[in-house]
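Thanks for coming. I will walk through one model today, starting with its charged pairs and then moving to its strands.

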Amino acid sequence: MCGIAGFSSFHKNFLEDGGRWYPILQKINQIQKHRGPDDDGVALFRHCGLSHVRLSILDPQGGHQPMSKQWGDHRCTICFNGEIYNMPGLKRELLSEGMEFTTDTDTEVILAGYLLHGRDYVKQLNGIFAFCVWDESAQTLCLFRDRLGVKPLFYTLQGDTLVFSSEIKGLFAYPGVAPVVDREGLCEIFGLGPAKTYGKGVFQNIFELLPGYFLEFQGTEAQLSPYWQLESRPHEDSWEQTVEKTRYLVTDAIRMQMLSDVPICTFLSGGVDSSLVTAVCSRALADQGKQLDTYSFDFAGNDANFRANAFQPSQDRPWVDKMTAYAHTNHRYLECDSQALYDFLFQAVDARDLPCMADVESSMLYFCRQVAARHKVTLTGECADEIFGGYPWFHKKECFQADCFPWSMDLAPRTMLLRDEIKELLPIEEYVRAAYEATVKETPRLSQDNDEEARRREISYLNLRWFMQTLLDRMDRTSMHTGLEARVPLADHRIVEYVFNVPWSMKCPKGQVKGLLREAARGLLPDEVLFRKKSPYPKTYDPAYENLLKERLLAALQDTSTPLSDFIDLEKTKALLKCPSDYGKPFYGQLMAGPQLLAYLLQVGYWLEHYHIQVRL
């Protein structure tokens, strides 16, 4: 994994003033160095500048970027962030077409494919990626992003110049790009956060390249085009065929994503998803005479403080023990205490450039840092719930019938602490409603669906576009901020394409949550793990942590010079803090309840202050 950035203008000659532009490219590399601590490089052309930082996974000695290659009179330069899992097969095909290679990297494979086949070659890639190609012959800059948005890519137009970067903070290194937030951005923060509308960067005039799209910049126009879109198709396979194909797709994706020249590991919670990834990886490595390293996460004191509820019925540790014994892994148990959890709240904002999933995200950042001390690559079980229908809102009648985002049905917790004048200025309910309706409207339809199946399809699409994207953003920023590459094999686009069109009666046979995935995994896991009731990512139940949040939030609001006090009402907050916490009624997803709301507001305050945000109401 890596970090990429650059700029392009056809009204400037960057080479005439290289002394100005080279330092800007180098500054962006310094800003994004956490994404690629192993190497860095810059390249400057007449109408384009490129920068790259590298985390070396394939061919550590031969993959320096920006990388240039020529085929006949056609010369291009690439900056690439990601992994192409079908790289070996693609390389063989390109060799048969006469192409020659000087490295063993997937970067060169993409570049060679582009030289031979143009933009459409992106359709051949199975992987997670964001990359740019400067076509020197055509004098065109193209940006590409993977189908599901696993890897980030932000951009802005600064006059006649296109500026792009893996992370938002990289854009601010370009002269004139400032951190400005207007009413729309505040509606994103207070109405949708920690999610955000896909394609938007929350900051004014900052955008994110949509998943499955490419952007072509030539002259003064940035032309956006899709190369992949999810489609609805009739499902004609029998139950047995569906199970068999799902098993193949899942196991094939996991094995493909083990591609690495450095040792891999997995995150293991003891749930179905991470256990399945771990079991497949462990068997593959055992065939090579190797042992898989695994990691699990929990919080100090949870043995005493844990409170079972509908969302988290059980702790993970006993299930992790079962899986490590079953898969014969070399396992490490990692714990985070309340002070570290609080401290990393703000580092998580630095990683995301936005307020995020509060301590759900800060803890992941903390754990990724521990894992990165020993490994560069990990495989996770992320995204199975969005794809196979594992979350409670896929199953609860009130969620199914609600005409709103099912993971955030009540906006009251989001707005109840806002100052009255801010509530009057911000059309939060209307903004959220419009965002929801826009996604429902673009849901791929199938004319033969009945009303119930059509709604199931809407909920699935909402999850893929919104909730899954939030978790993918969390995984990318927390891992890459520590120099760790996290892969998500269950989000292979082939799995998504297939399972999206499987009817609910097969995804959830006889009411069995994620029944299709469980049936497809039979024999790969112990039955007791395979049919374990879902329990999400752990969180702390330490009352000392909540008390720390209360103390710090009150202190922030009592200091009227802090930006947060301009938005959050002190007296309303005091009243809320006198009420007992309710861990069982989250305001976002399954994990963000009362304490996480306090933590999120602290993140908002930190973000406003430390990013020196200009608020334009």
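A salt bridge here is a side-chain nitrogen of Lys or Arg within 4 Å of a carboxyl oxygen of Asp or Glu. Before I use that, two remarks on the source. This is a predicted model, in which local features need pLDDT of at least 70 and side-chain atom pairs count only at pLDDT 80 or more, while totals for chains, interfaces and linings use all residues. Residues are numbered from 1 along each chain as its sequence is written, and side-chain values use heavy atoms, with hydrogens and water left out.

By the salt-bridge rule, the count comes to 42. I will show three pairs and one network.

The first pair is Glu361 and Arg352, whose closest N and O atoms are 2.7 Å apart. Are these two residues buried or exposed? I call a residue buried under 20% relative accessible area, exposed over 50%, and partly exposed in between, using a 1.4 Å probe and protein chains only. Glu361 has 1% relative accessibility, so it counts as buried. Arg352 is at 5% and therefore buried as well.

The second pair is Glu136 with Arg75, where the closest N and O atoms are 3.4 Å apart. This salt bridge links distant parts of the chain: Glu136 is in the loop between E6 and E7, Arg75 is in strand E5, and they are 61 residues apart. A word on those labels: helices (H or I, at least four residues) and strands (E, at least two) are DSSP runs, numbered from the N terminus. Glu136 is partly exposed at 22% relative accessibility, and Arg75 is partly exposed at 33%.

The third pair is Glu452 and Arg456, which meet at 3.9 Å, N to O. Both are in helix H17, residues 451-480, and because they are four residues apart there, about one helical turn separates them. Glu452 is partly exposed, at 45% relative accessibility, whereas Arg456 is buried, with a relative accessible area of 13%.

The network of salt bridges links Arg35, Lys151, Glu167, Lys169, Asp353, Asp473, Asp476 and Arg477. Asp353 deserves a second look. It lies in the loop between helix H10 (338-352) and helix H11 (358-372), and it has a positive phi of about 70° although it is not a glycine. Its relative accessibility is 1%, so Asp353 is buried.

Now back to E6, the strand just before Glu136's loop. How many of the residues of strand E6 are buried? The strand covers residues 127-135, and nine of its nine residues are buried. In a regular strand the side chains alternate between the two faces of the sheet. In E6, Gly127, Phe129, Phe131, Val133 and Asp135 point one way, and Ile128, Ala130, Cys132 and Trp134 point the other way.

What does E6 pair with? Two strands pair if DSSP finds at least two bridges between them. Strand E5, residues 74-84, pairs with E6 in the antiparallel sense over nine bridges, and Gly82 stands opposite Phe129. Strand E7, residues 140-145, is also antiparallel to E6, with six bridges, and there Cys132 stands opposite Leu143. E6 and E7 form a hairpin with four residues between them, and Gln139 in the turn has a positive phi of about 55°.

There is also an open sheet of five strands, paired in parallel, in the order E16-E15-E14-E17-E18. Its edge strands are E16 (330-336) and E18 (485-487), each pairing on one side only. The twist averages 30° from one strand to the next; axes are lines fitted to C-alpha atoms, for helices over the stretch in contact, and angles run from 0 to 180 degrees between N-to-C directions. Three bridges join E14 (residues 264-267) to E17 (residues 377-379), and the bridge partner of Cys265 in E17 is Thr378. Helix H9, residues 317-327, lies across E15 (293-299) and E16, running at about 165° to E16; contact means heavy atoms within 4.5 Å.

Last, some backbone details. The peptide bond from Gln65 to Pro66 is cis, with omega near 0°, and Pro66 sits in the loop between E3 (48-54) and E4 (67-71). The bond from Gly193 to Pro194 is cis too, with omega near 10°. Pro194 is in the loop between helix H5 (183-192) and strand E11 (207-208). Asn205 is also found between H5 and E11, and has a positive phi of about 65° although it is not a glycine.
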